[in-house]
Amino acid sequence: MAVREILRMGDPRLLQVSTEIQVHELGSLPELIEDMWDTMQATDGIGLAAPQIGVFRRLVVFGIEATPRYPEAPPIPPTVLINPRIDMLTQERSEGWEGCLSVPGMRGLVPRYDRIRYSGIDAQGLPISRDVEDFHARVVQHECDHLDGVLYPMRIEDMRNFGFEPELAAADAAFDEPPE
Ligand code: NI
């Protein structure tokens, strides 16, 4: 399959709202999904949304295995999520450091809901519904934001908590999670 070019922040296409996928289109998706996994793995990401490779449809992939490289990142099963819906299970939010393959080399501190239910269908059209929290919930909220043209820097509440990775690391900003 293929590693695709990732659109970067500043490209106005990343700001558009992506369209839903119809059931009769599922048969045409395997190649796109394969490319998304390839692209994500080649860039060491843990999630990728279709619009990041210029396909403006409501499809995200994410997942991370347990890895000593990121001991603070709990494993998330590899997931293809189509036409996702997110319901908050709490109003509580927490801040965490995020990165994005469309904003390379940078990190920012972003508030996200602590517990959510996400639902949608998988690549076979089977329903998915999961109640998740913390890091898993953060990753899904980040990826689904891409489908509405929202990039994580747009959610940073204090722009002093946004910067380049080496400078933040030197300043001892606590982040040890992989980029989304
Ligand atoms: Ni992202």
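Helices here are DSSP runs of at least four residues, numbered from the N terminus. The model you're looking at is predicted, so grab it and work through these.

**Exercise 1. The nickel site**

Find out which protein atoms serve as donors of the nickel ion, and where the histidines among them sit.

*Solution.* Start at the metal. Its protein donors are SG of Cys-100, NE2 of His-142 and NE2 of His-146, at 2.1 to 2.3 Å from the nickel ion. Next, read the donors along the chain: their spacing is C-x41-H-x3-H. Now look at the two histidines. Both His-142 and His-146 belong to helix 2 (residues 134-147), and being four residues apart puts them about one turn of the helix from each other. Finally, check accessibility: His-142 is buried, and His-146 is too.

**Exercise 2. The helix behind the histidines**

Compare the span of helix 2 with the expected one, then decide whether the helix is enclosed or not.

*Solution.* Count first: helix 2 has 14 residues. From first C-alpha to last, helix 2 reaches 21 Å, close to the 20 Å you'd expect at 1.5 Å a residue. For the surroundings, go by burial, with under 20% relative accessible area as the cut-off. Of the 14 residues in helix 2, 13 are buried, so the helix is largely enclosed by the rest of the structure. Then step past the end: Gly-149 follows helix 2 and has a positive phi, near 75°.

**Exercise 3. Strand 5 and its partners**

Work out how strand 5 pairs with strand 4 and with strand 8.

*Solution.* Take strand 4 to begin with. Strand 4 and strand 5 (residues 103-113) run antiparallel and share seven bridges, and the hairpin joining them passes through two residues. To get the register, note that Cys-100 faces Val-103 in strand 5, while Glu-95 is opposite Pro-111. That Cys-100 is the one from Exercise 1, a donor of the nickel ion.

Move on to strand 8. Strand 5 pairs with strand 8 in the antiparallel sense as well, over three bridges, with Gly-108 opposite Phe-162.

How well covered is strand 5? Eight of its 11 residues are buried, which makes strand 5 mostly covered. For a charged example, try Arg-107, which is in strand 5. Arg-107 has 5% relative accessibility, so this residue counts as buried. The side chain of Arg-107 has a polar contact with the side chain of Glu-165, at 2.8 Å.

**Exercise 4. Aromatic pairs**

Track down the aromatic pairs in the whole structure and classify their geometry.

*Solution.* You need two values for each pair: the distance of the ring centres and the angle of the planes. The search turns up two pairs. In one, the ring centres of Phe-62 and Tyr-118 are 5.7 Å apart and the planes meet at 85°, so this pair is edge-to-face. The pair bridges distant parts of the chain, with Phe-62 in strand 2 (residues 59-64) and Tyr-118 in strand 6 (residues 115-121), 56 residues apart. Phe-62 and Tyr-118 are both buried.

Now for Tyr-152 and Phe-162: their pair is edge-to-face, at 6.1 Å centre to centre and 80° between the planes. Here Tyr-152 comes from the loop between helix 2 and strand 8 (162-164), and Phe-162 from strand 8, 10 residues apart. Tyr-152 counts as buried because its relative accessibility is 2%.

**Exercise 5. A threonine in a loop**

Describe the setting of Thr-90: where is it, is it buried or exposed, and what does it touch?

*Solution.* Locate Thr-90 in the loop between strand 3 (76-88) and strand 4 (93-100). Thr-90 has a relative accessible area of 16%, so it is buried. Follow its side chain, and you arrive at the backbone nitrogen of Glu-92, 2.9 Å away. Leaving out residues up to four places away in sequence, Thr-90 touches Tyr-113, Asp-114 and Arg-115.

**Exercise 6. Positive phi without glycine**

Look at Asp-44 and Asn-83: what are their phi values, and where do they lie?

*Solution.* Asp-44 isn't a glycine, yet its phi is positive, about 60°. Asp-44 is in the loop between helix 1 (30-42) and strand 1 (47-49), and its 40% relative accessibility makes it partly exposed. Asn-83, not a glycine either, has a positive phi of about 50°. Asn-83 is in strand 3, and at 17% relative accessibility it counts as buried.

Technical notes: Residues numbered from 1 in each chain as written. Predicted model: local features only at pLDDT ≥ 70, side-chain atom pairs only at ≥ 80, totals over all residues. Heavy atoms only, no water. Buried < 20%, exposed > 50% of the residue type's maximum accessible area, 1.4 Å probe, protein only. Polar contact = N/O pair within 3.5 Å; in protein donor to acceptor, adjacent residues only side chain to side chain. Contact = heavy atoms within 4.5 Å. Donors = N, O, S within 2.8 Å, 3.2 Å for Na, K, Ca; no water. Phe/Tyr/Trp six-rings, centres within 6.5 Å; stacked < 30°, edge-to-face > 60°. Expected span 1.5 Å × (residues − 1). Pairing = 2+ DSSP bridges.
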